[in-house]
Amino acid sequence: MRSEPVVQVRGLVKRYGTKTAVDGLDLEAAAGITAVLGPNGAGKTTTVEICEGYRRPDDGTVRVLGLDPAAQGPALRPRVGVMLQSGGVYSGARADEMLRHVAKLHAHPLDVPALIERLGLGSCGRTSYRRLSGGQQQRLALAMAVVGRPELVFLDEPTAGLDPQARRATWDLLRDLRADGVSAVLTTHHMDEAEQLADDVAIIDAGRVIAQGSPDELCRGGAENTLRFTGRPALDLASLLKALPPDSAADELTPGAYRVLGTVDPQLLATVASWCAQHGVLPEKISVERHTLEDVFLELTGKELRG
C-alpha cells in the first residue's frame with residue numbers, strides 16, 4: 001500500500017461567477033478509504049470533480065497519485081476509476097456489454113462474470129441501461145468504476161437508492177478492494193456508511209475542510225466519555241471516586257440516576273461494576289454514550305446531512 005497520500009489538495013479555489021464554491025480548501029487522502037461529508041452546497045462535489053479532472057481549479061494545487069489531473073489527465077486516467085451519480089452510460093447500451101467494454105480498456109481487469117454476480121446484475125445483463133431500475137444503474141456504475149482494478153477510485157454516493165442487501169454487497173466489495181490495495185475517495189450522505197467503511201473522514205462546509213480524522217478520532221470526546229447507570233438513590237459517590245482513575249468525576253443527576261465522566265474504557269466499566277458489586281448495588285442499567293459521526297457533523301455545521 002502507498003505510503004504517500006493518494007490525493008493532496010492545497011489552497012483549492014473554485015468560483016462560479018460571483019459564487020465561491022471552494023474557498024482555499026486543504027485536503028489529504030491517504031491510502032485506504034476516505035469519506036468526504038458535507039451539507040449540500042458545501043463544495044464537496046466540486047472538489048471531487050476537480051480531483052477527477054472534470055473541472056479546472058481557479059487557484060491552488062491538486063495532486064492525484066502524484067499527478068496533476070488537469071495537466072496530466074492522459075497519464076492519470078488509466079490508474080483511476082470514477083463513479084458518477086448519472087452513470088456516464090449510453091442509454092441504449094446493454095449492461096453486460098458496457099461492463100465488458102470498460103474491462104477491455106484495462107490490462108488486468110476484474111473477472112466480469114464474477115463482478116456481475118457479486119453486485120446482483122446477472123438478471124439484467126442484456127437489459128438496456130435506460131430500462132434498468134435506479135438501483136441497477138447505480139450498481140452498474142459502481143462495477144464500471146472498479147472493473148479496471150484501479151489504484152484509486154472516486155465514488156459519488158455509491159449506495160444511493162440501493163436496498164439493504166445491495167448496500168451490504170457494495171460495502172463488502174469496497175472492503176475487498178481495499179484489502180487488494182485499491183484506495184477510494186467517496187462522498188456519502190449515509191453516516192453509518194462512513195463509520196463502517198472509512199479509514200479517514202473529511203467534513204467540508206462553506207468550501208473548506210473543517211475537520212478531518214478517523215471516525216474514532218472525530219467521535220472522541222463529549223458524550224463518548226460518559227458512563228451512566230441507575231441504582232438506589234444516594235449512593236456514596238466519594239467512595240466510588242476513590243476507586244476510579246484520577247481524571248474521573250461522578251454525580252447523581254436525579255435520585256438513582258448516576259453519571260461517570262472520564263476516559264471510558266473497558267477498565268473503567270469493570271471498575272464501576274466491581275464497585276457496585278462490593279456495595280450491594282444491582283444496577284438496573286449501565287450504558288456508555290458515544291458521539292456518532294452525525295453528532296459531530298451537526299455540532300460542526302449545524303446542519304442535517306440530507307441527500
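In this predicted model, a count of enclosed spaces of 30 Å³ or more finds one cavity. The space inside the largest cavity comes to about 30 Å³. Its lining is made up of Val 7, Leu 27, Thr 47, Val 48, Cys 51, Phe 154 and Val 185. Sorted by class, six of these lining residues are nonpolar, one is polar and none is charged. Which helix gives the largest share of this lining? That helix is α1, with three residues.

Let's stay with α1 for a moment. This helix runs over residues 44-52 and is mostly covered, since seven of its nine residues are buried. You can look them up in the structure: Lys 44, Thr 46, Thr 47, Val 48, Ile 50, Cys 51 and Glu 52. Just after the helix comes Gly 53, with a positive phi of about 95°.

Helix α1 also helps to line the largest pocket, where it supplies at least two residues, as do α2 (73-76), β5 (80-83) and α5 (134-146). The largest pocket holds about 540 Å³ of space. It is lined by 25 residues, and those closest to its centre are Tyr 54, Arg 77, Val 80, Gly 81 and Val 82. Strand β5 gives the largest share of this lining, four residues. By class, the pocket lining has 16 nonpolar, seven polar and two charged residues.

Here are the two spaces in one table:

| Space | Volume | Largest share of lining | Lining by class |
|---|---|---|---|
| Largest cavity | about 30 Å³ | α1, three residues | six nonpolar, one polar, no charged residues |
| Largest pocket | about 540 Å³ | β5, four residues | 16 nonpolar, seven polar, two charged residues |

Now let's turn to another helix, α10. It covers residues 266-278, and its 13 residues reach 18 Å from the first C-alpha to the last, close to the 18 Å expected at 1.5 Å a residue. Its buried residues are Leu 268, Thr 271, Val 272, Trp 275 and Cys 276. Why do these residues sit on the same side of α10? They do so because they cover an arc of only 130° around the axis. This buried side packs against β10 (226-230), α9 (237-243) and β12 (257-261). On the face turned away from it you will find the exposed residues Pro 266, Gln 267, Ala 277 and Gln 278. Just after α10, Gly 280 takes a positive phi of about 70°.

A single residue can be worth a visit too. Asn 225 sits in the loop between α8 (215-219) and β10. Is Asn 225 buried or exposed? With a relative accessible area of 27%, Asn 225 counts as partly exposed, because that class lies between the 20% and 50% cut-offs. Leaving aside residues up to four places away in sequence, Asn 225 touches Val 260, Leu 261, Gly 262, Thr 263, Val 264 and Glu 289. One of these partners, Gly 262, is 37 residues away in sequence, while the two C-alpha atoms are 5.3 Å apart in space.

Finally, step back to the whole protein. It has eleven helices and 13 strands, and its C-alpha trace spans about 75 × 45 × 35 Å along the principal axes. Of its 307 residues, 48% are buried. Among contacts between residues at least 6 apart in sequence, 68% join residues at least 24 apart.

Methods. Residues are numbered from 1 along each chain as its sequence is written. This is a predicted model: local features need pLDDT of at least 70, side-chain atom pairs count only at pLDDT 80 or more; totals for chains, interfaces and linings use all residues. Side-chain values use heavy atoms; hydrogens and water are left out. Buried means under 20% relative accessible area, exposed over 50%, partly exposed in between (1.4 Å probe, protein chains only). On a 1 Å grid over the protein atoms alone, a cavity is a set of points where a 1.4 Å probe fits but cannot get out, and a pocket is an open set with protein on both sides within 12 Å along at least five of seven lines; lining residues have an atom within 4 Å of a point. Grid points are joined across faces, edges and corners, and a volume is the space filled by probe spheres set on the points. Ala, Val, Leu, Ile, Met, Phe, Trp, Tyr, Cys and Pro count as nonpolar, Asp, Glu, Lys and Arg as charged, and the others, Gly among them, as polar. The expected span of a helix is 1.5 Å times one less than its number of residues. The arc is that of the directions from the helix axis to the C-beta atoms. Contact means heavy atoms within 4.5 Å.
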